[in-house]
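Thanks for coming, everyone. I have one structure to walk through today. Please have a look at the screen.

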Amino acid sequence: MPYVVADPCVKCKYTDCVTVCPVDCFHEGENMLVIDPDECIDCGACVPECPAEAIFLDEDLPGKWHGYIKINADLASKWPVLTEQREPMAGADAEKTRENKVGEISHQPGAGD
Ligand code: SF4
Ligand code: F3S
């Protein structure tokens, strides 16, 4: 029953979320972050921190974003942990409300810490 990063994060990466996670379970890709479902302790602290409202408890995910459960699980093991806040991606303020970005997710890892 972990929390999941969904569509609004893609091409945004505000990274406010990483500063509050007590178990460092955010992993950084080139253009989004994901949560490691095996590490998340379901505290919910990250949810109000995200300016894009991208984080949901898996069972509360809007149906259109259900695929992000598997995306988080698959990519968390391939990407490095990020615990320090970074600058958002260029254009994040416009991208956070654009939908259907699943096809635009880069599988390349981010830099991490
Ligand atoms: Fe980290 Fe808590 Fe968010 Fe899970 S719910 S990713 S443990 S801050
Ligand atoms: Fe993404 Fe929101 Fe964190 S946009 S990087 S889930 S603060």
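I will start with the whole chain, then move to the core, and then to a few single residues.

First, a caution: this is a predicted model. Every value I quote is computed from it.

So, the overall build. The chain has two helices and four strands. Along the sequence, the order is β-β-β-β-α-α. In other words, the four strands come before the two helices.

Now the dimensions. Taken along the principal axes, the C-alpha atoms fill a box of roughly 30 × 30 × 25 Å. The radius of gyration is 12 Å, and a compact globule of 113 residues would have one near 13 Å, so the two agree. Of the 113 residues, 47% count as buried. The accessible surface comes to about 5,700 Å². Carbon and sulfur atoms hold 50% of that surface.

How do the contacts spread along the sequence? Take the contacts between residues at least 6 apart. Of these, 80% join residues at least 24 apart.

Next, the core. The largest nonpolar core has 35 residues. Which of them touch the most other members? They are Val5, Phe26, Met32, Ile35, Ile55, Tyr68 and Ile105. Four elements give two or more residues to this core: β1, β3, β4 and α1. Helix α1 gives the most, with four residues.

Let me stay with α1, which spans residues 68–76. Its buried residues are Tyr68, Ile71, Asn72, Leu75 and Ala76. Why do they sit on the same side of the helix? They cover an arc of only 110° around the axis, which puts them on one side of α1. That buried set packs against β1, β2 and β3.

Now Met32, one of the core residues I just listed. I leave aside neighbours within four places in sequence. Its contacts then include Val5, Tyr68 and Ile105, which are also on that core list. Met32 also contacts Ala6, Cys9, Val10 and Lys13. Trp79 and His27 complete the set.

That brings me to His27. It is found in strand β2, residues 26–28. Is His27 buried or exposed? His27 has 9% relative accessibility, so it counts as buried. Its side chain reaches the backbone oxygen of Ala76 at 2.9 Å. Recall that Ala76 is one of the buried residues of α1. Beyond four places in sequence, His27 touches Met32, Leu33, Val34 and Asp36, along with Ala76. Trp79, Pro80, Val81 and Leu82 are on the list too.

On to the other helix. Glu95 lies in α2. Its relative accessibility is 18%, under the 20% cut-off, so Glu95 counts as buried. What does its side chain pair with? A polar contact of 2.8 Å joins the side chains of Glu95 and Arg98. Leaving aside neighbours within four places, Glu95 is in contact with Val10, Lys11, Cys12 and Lys101. Val10 came up before, as a contact of Met32.

Last stop, Gly103. This residue sits in the segment after α2. Its relative accessible area is 72%, so Gly103 is exposed. Gly103 and Lys70 are 33 residues apart in sequence. In space, their C-alpha atoms are 14 Å apart.

To recap: α1 gives the most residues to the largest nonpolar core, His27 is buried in β2, and Gly103 is exposed. I am happy to go back to any of these on the screen.

Notes
Residues numbered from 1 in each chain as written. Chains lettered and ligands numbered in written order. Predicted model: local features only at pLDDT ≥ 70, side-chain atom pairs only at ≥ 80, totals over all residues. Heavy atoms only, no water. Buried < 20%, exposed > 50% of the residue type's maximum accessible area, 1.4 Å probe, protein only. Polar contact = N/O pair within 3.5 Å; in protein donor to acceptor, adjacent residues only side chain to side chain. Contact = heavy atoms within 4.5 Å. Core = buried A, V, L, I, M, F, W, Y, C linked by side-chain atoms within 4.5 Å. Arc of directions from axis to C-beta. Rg over C-alpha atoms; globule rule 2.2 N^0.38 Å. Areas by Shrake-Rupley, 256 points an atom, 1.4 Å probe, with all protein chains shown as cover.
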